[in-house]
Amino acid sequence: MDFKRDFPIFKQRPELVYLDSAATSQKPQIVLEAENTYYEKLNSNIHRSAHFLAEEATLAYEATRQTVADFIGAQKHEIIFTRNATEGINLVARSFGETFLKKGDEVLLSKMEHHSNIVPWLQLKEKIGIVIQYLDIDENGQFIFDGSQVTDKTKFVSLTGMSNILGSIPNLKPIIAAAHTKGAKILIDACQLAVHQSIDVQQLDADFLVFSAHKLYGPTGVGVLYGKEGLLKKIPPFLGGGEMIQEVFEQSFTPADIPHKFEAGTPNIAGVVAFKAAIDYIRQISFDEIQKIENELTTYALEKLSRLPDLTFIGPKKAENRGPVISFTMQGVHPHDIAEGLSQKDICIRAGHHCGQVLMDAWGLPATARISLAFYNTKNDIDQTVKTLEEVHKYFT
Ligand SMILES: Cc1ncc(COP(=O)(O)O)c(C=O)c1O
């Protein structure tokens, strides 16, 4: 099946080989249409006006909330729309962190977290003096965890469900269990994971979980924060303004109930409405099918790349316990030169530290080149990339 047909950018740019879906995915026609249709037929502000148009827009916005809740096994009011995953993590670090954490309490992260799951905790450290601890990472991109890293001092654990640098899918279960045994809460950064496999927050027993619509074939400017009902009720609003209040007086206010208390101001209504079309689209294809395609492409890419001279994979070398994200270096060619050389042949990959400087420093790497695949990619995309990589290697060595 040629899924590229569903994505207008490949019609507009037939030469495009897009291998940067971990940064942001391309958007299918139905998502673009949903956003357009919203503006053409429903455009109105939500949750405030009593007129029919506002009511229809509100219904469409809330329908996405239900779809997202069903998508990850949550209750509707446990889903909060943010601008992106980064904002969701900031919300938790501030609202939960400033309420329940105090000087000396430990927050456990891993060395392969995205900066979005490090900097908000460093900011909290500066503000209230928490202590940040890190799990080390083995060469397969798995957390090095034997239980001892979660102690009585650990009050919060915040970990990725899939590494955007290495592509690895770490085993979260023992860490979540250990955290809960000690009474610590856990946030899962599912930015990459949610794109490649179905998630059930009940089964996972995550207290908080975040992801961004734009990596999941939806529009930019929409993020999802899931939080357990009891916890969301206990923590204060992150931003103040319209929509998030019940009553406002000269000297005080009372916040609205969840989820609205966390959605201050006019949200990205059109983006949220269109995100429903993206989720419906991938559910229709099914994660079984998506995984089948992506596993086959990953296996193929690993095999082809491994034949290139001077190429070293950074992270797992096999297709198991991973998503379709492959980092590598090439001796004698800087990753930026690799990306530039590929770009000249219409091939988009990412080079740099991938917002993962802590891992890069720990592993003594200045940068890597990263290929990230989606189910719309083809073996031909990989063949073209490998052929161009051969040329780039020849040119520089
Ligand atoms: C693992 C991971 N976490 C967090 C983020 C941040 O996502 P956003 O920029 O959409 O907030 C990304 C984006 O690359 C990511 O890959």
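Here are three short exercises on a predicted model, each with a worked solution.

**Exercise 1: the buried side of a helix**

Find which residues of helix α5 (residues 119-128) are buried, and work out how they are placed around the axis.

*Solution.*
- Start with burial, taking under 20% relative accessible area as the cut-off. That picks out P120, W121 and L124 in α5.
- Next, look around the axis: these residues cover an arc of only 95°, so they sit on the same side of α5.
- Now check what they pack against. The partners of the buried α5 residues are α4 (85-100), β3 (106-110), β4 (131-135) and β5 (154-160).
- Finally, step just past the end of α5, where G129 has a positive phi of about 80°.

**Exercise 2: two helices that cross**

Describe how helix α2 (residues 29-42) and helix α10 (residues 269-285) cross, and which residues make the contact.

*Solution.*
- Geometry comes up front: the two axes come within 8 Å, with a crossing angle of roughly 145°.
- For handedness, the α2 and α10 crossing is right-handed.
- Then list who touches whom. From α2 you get I30, V31, A34, E35, Y38 and Y39, while α10 brings I269, A270, G271, V273, A274, A277, A278 and Y281.
- Sort these by class and you have twelve nonpolar residues, one polar and one charged.

**Exercise 3: splitting the chain**

Work out how the chain divides into domains, and how many residues each one puts into the contact.

*Solution.*
- Domain 1 is made of 3-19 + 286-396, and domain 2 covers 30-283.
- Taken over C-alpha atoms, the centres of domain 1 and domain 2 are 28 Å apart.
- Their contact takes 33 residues from domain 1 and 32 residues from domain 2.

Conventions: Residues are numbered from 1 along each chain as its sequence is written. This is a predicted model: local features need pLDDT of at least 70, side-chain atom pairs count only at pLDDT 80 or more; totals for chains, interfaces and linings use all residues. Side-chain values use heavy atoms; hydrogens and water are left out. Buried means under 20% relative accessible area, exposed over 50%, partly exposed in between (1.4 Å probe, protein chains only). Helices (H or I, at least four residues) and strands (E, at least two) are DSSP runs, numbered from the N terminus. The arc is that of the directions from the helix axis to the C-beta atoms. Contact means heavy atoms within 4.5 Å. Axes are lines fitted to C-alpha atoms, for helices over the stretch in contact, and angles run from 0 to 180 degrees between N-to-C directions. A crossing is left-handed if the near helix is turned anticlockwise from the far one by less than a right angle, and right-handed if clockwise. Ala, Val, Leu, Ile, Met, Phe, Trp, Tyr, Cys and Pro count as nonpolar, Asp, Glu, Lys and Arg as charged, and the others, Gly among them, as polar. Domain bounds come from an automatic or database domain assignment.
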